[in-house]
Amino acid sequence: MGKVIEFPTPNYFGDCPKCGRTDGYLNISRDHWFFCDRHMTKWWGGSNWFDEWKYETEDIWFENFKKLLQYQEVEPWFRLTVMEIHNSGSEQVVLFPPGKDKSRSGE
Ligand SMILES: [Zn+2]
């Protein structure tokens, strides 16, 4: 395992494809949904990356679900978000979560 550097601006889990921003995420059970309020977009960020869903209630998830129901599911836009510095000193750029980025493959 190398040292992971997070770039400050882009979201680790992708950004709104229309504006490149995110307003955060909401949990529905263990699933994390990121969203953009301005464009009413949402995209799935994965499951169980963050622990706080364990302390939330079904009522909270239902409120989140109702809000996100109005949002359009989109493919997130990934910037270069994470750079992994391996112990050998070589640098490798990794996208996170692995395999979620389709737009960048083949570039
Ligand atoms: Zn947006």
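These are my notebook entries on a predicted model of one protein chain.

**Entry 1: overall layout**

I began with the secondary structure. I found one helix and seven strands in the chain. Following the sequence from its start, I wrote down the order β-β-β-β-α-β-β-β. I then looked up burial, and 22% of the 107 residues count as buried. For contacts, I took pairs at least 6 apart in sequence; 52% of these join residues at least 24 apart.

**Entry 2: the sheet**

Which strands form the open sheet, and in what order? I noted four strands, arranged β2-β3-β4-β5, with mixed pairing. β2 and β5 (residues 72–73) are at the edges and have a single partner strand each, so one side of each lacks a neighbour in the sheet. I reminded myself that strands of a sheet pair through backbone hydrogen bonds, either parallel or antiparallel. β2 and β3 run antiparallel and are joined by four bridges. I looked up L26 as an example, and its bridge partner in β3 is W33.

**Entry 3: the helix**

Where does helix α1 lie? I found that α1, residues 58–69, lies across β2, β3 and β4. The angle I noted between α1 and β2 is about 120°.

**Entry 4: the core**

Next I looked up the largest nonpolar core, which has 11 residues. I listed the aromatic members F13, Y25, W33, F34, F35, W43, W77 and F78, together with L26, C16 and C36. Two elements, β2 (25–28) and β3 (31–36), give two or more residues to this core. β3 has the largest share, with four residues. As a general note, in soluble globular proteins nonpolar side chains tend to be buried together.

I picked one core member, W43, and looked up its contacts beyond four places in sequence. W43 touches F34, and also G14, E73, V74, E75 and P76.

**Entry 5: K18**

Last, I looked at a loop residue. K18 sits in the loop between β1 (3–6) and β2. Why does K18 count as partly exposed? I found 13 other C-beta atoms within 10 Å of K18; a residue needs 20 or more to be buried and 12 or fewer to be exposed, so K18 falls in between. Setting aside neighbours within four places in sequence, I noted contacts from K18 to H39 and T41. I also checked the distance from K18 to C36, which is 18 residues away along the chain. Their C-alpha atoms are separated by 9.2 Å.

Technical notes. Residues numbered from 1 in each chain as written. Predicted model: local features only at pLDDT ≥ 70, side-chain atom pairs only at ≥ 80, totals over all residues. Core = buried A, V, L, I, M, F, W, Y, C linked by C-beta atoms within 7 Å. Contact = placed C-beta atoms within 7 Å. Pairing = 2+ DSSP bridges. Axes fitted to C-alpha atoms, helices over the stretch in contact; angles between N-to-C directions.
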